[in-house]
Amino acid sequence: MYLFGGSGHCKVIIDIIKKSNEYPIEGVFDDNPKFNVIFDVPVFKTKTLDFFIDKQLIISVGNNKIRKKISKKISALYVKAIHPNAIVSYDVDINEGTVIMAGAILNASVNIGKHCIINTGAVVDHDCILNDFVHISPNASLAGGVLVGEGSQIGIGATVIQGVKIGKWVTIGAGAVIIKDVPDYAIVVGNPGKIIKFNLQVNE
Ligand SMILES: CC(C)(COP(=O)(O)OP(=O)(O)OC[C@H]1O[C@@H](n2cnc3c(N)ncnc32)[C@H](O)[C@@H]1OP(=O)(O)O)[C@@H](O)C(=O)NCCC(=O)NCCS
């Protein structure tokens, strides 16, 4: 399999794949490679996108908008990566391109879209629904039945109480406590969370 994007996030995904022993990693592609090799994995400059059509691939880019853009550009056999030390209920639906980091906990009846990141030690409790390109940052916690719209990021250490609906392309700041629904594109910080501004709209 291959990864697309040679950043720090890529290192974490290489680590997951090596630990889970699921696929041999043949290389990392990047439009502007900064290294020739990451650990023992060679890094190549992207040439033709047709190369990926029959290859297993994960987009190893942390930025949600850029991950979406790349996924629209590259047709590939997208796969998922789950760290062996994540705790994942048997009743969880995880879609292609998504990565689950070490120490994450996904509880019963959770549904996770495509190309999401569930980062180190994040908790996603029962019946949460996460749409495509979402990022739950390290140590963030979602209580039961939370809905997270496309492309939203829940910041490091943030907490969302049960049943809250978070819109699309929202940013929840580090350490925020979210106790009510959040509209699309909002940037919310603090305890209790308050909107401070809005993200730019994304081409859908
Ligand atoms: C919310 C966030 C996106 C705002 O970033 P920004 O747009 O650059 O905003 P600024 O730093 O200009 O801050 C704007 C105001 O919000 C406050 N603020 C920013 N982040 C805050 C936070 N997490 N909690 C409380 N207040 C915060 C700032 O103090 C500032 O207040 P002021 O106007 O009174 O001075 C960012 O601070 C943040 O928390 N990002 C999450 C990062 C993260 O989780 N990374 C994990 C990667 S794996």
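How do the residues of the shell around the ligand divide into nonpolar, polar and charged?

## The ligand and its shell

In this predicted model, the shell around the ligand divides into five nonpolar residues, seven polar ones and one charged one. The ligand is surrounded by 13 residues in total, and the closest of these are Gly155, Ile156, Gly173, Ala174 and Lys197.

Three of these closest residues also place a polar atom beside an oxygen atom of the ligand. For Ile156, a polar backbone atom is 2.7 Å from a ligand oxygen, while for Ala174 the distance between a polar backbone atom and an oxygen atom of the ligand is 2.8 Å. Lys197 takes part through its side chain, of which a polar atom lies 2.8 Å from an oxygen atom of the ligand. Taken alone, the ligand exposes 910 Å², and the protein buries 40% of that area.

## A parallel sheet of six strands

One open sheet is formed by six strands, which follow one another in the order S8-S11-S14-S17-S20-S23 and are paired in parallel. Strand S8 (87-88) and strand S23 (177-178) stand at the edges of this sheet, and because each has a single partner strand, one side of each is left without a neighbour in the sheet.

Within this order, strand S14 (residues 123-124) and strand S17 (residues 141-142) run parallel and are joined by two bridges. One residue pair can be followed in the structure, since Val123 has Ser141 in S17 as its bridge partner.

## A mixed sheet of eight strands

A second open sheet can be traced through eight strands in the order S7-S10-S13-S16-S19-S22-S24-S25, and here the pairing is mixed. Its edges are strand S7 (81-82) and strand S25 (194-198), each of which has a single partner strand, so that one side of each has no neighbour in the sheet.

Strand S24 (residues 186-189) runs antiparallel to S25, and four bridges join the two. Across this pairing, Val188 stands opposite Ile195 in S25.

## Two domains

The domain assignment of the chain gives two parts, with domain 1 covering residues 2-78 and domain 2 covering residues 81-192. Their C-alpha centres lie 23 Å apart, and the two domains meet through 18 residues of domain 1 that are in contact with 20 residues of domain 2.

Methods
Residues numbered from 1 in each chain as written. Predicted model: local features only at pLDDT ≥ 70, side-chain atom pairs only at ≥ 80, totals over all residues. Heavy atoms only, no water. Near = heavy atom within 4 Å. Polar contact = N/O pair within 3.5 Å; in protein donor to acceptor, adjacent residues only side chain to side chain. Areas by Shrake-Rupley, 256 points an atom, 1.4 Å probe, with all protein chains shown as cover. Nonpolar A, V, L, I, M, F, W, Y, C, P; charged D, E, K, R; others polar. Pairing = 2+ DSSP bridges. Domains from an automatic or database assignment. Contact = heavy atoms within 4.5 Å.
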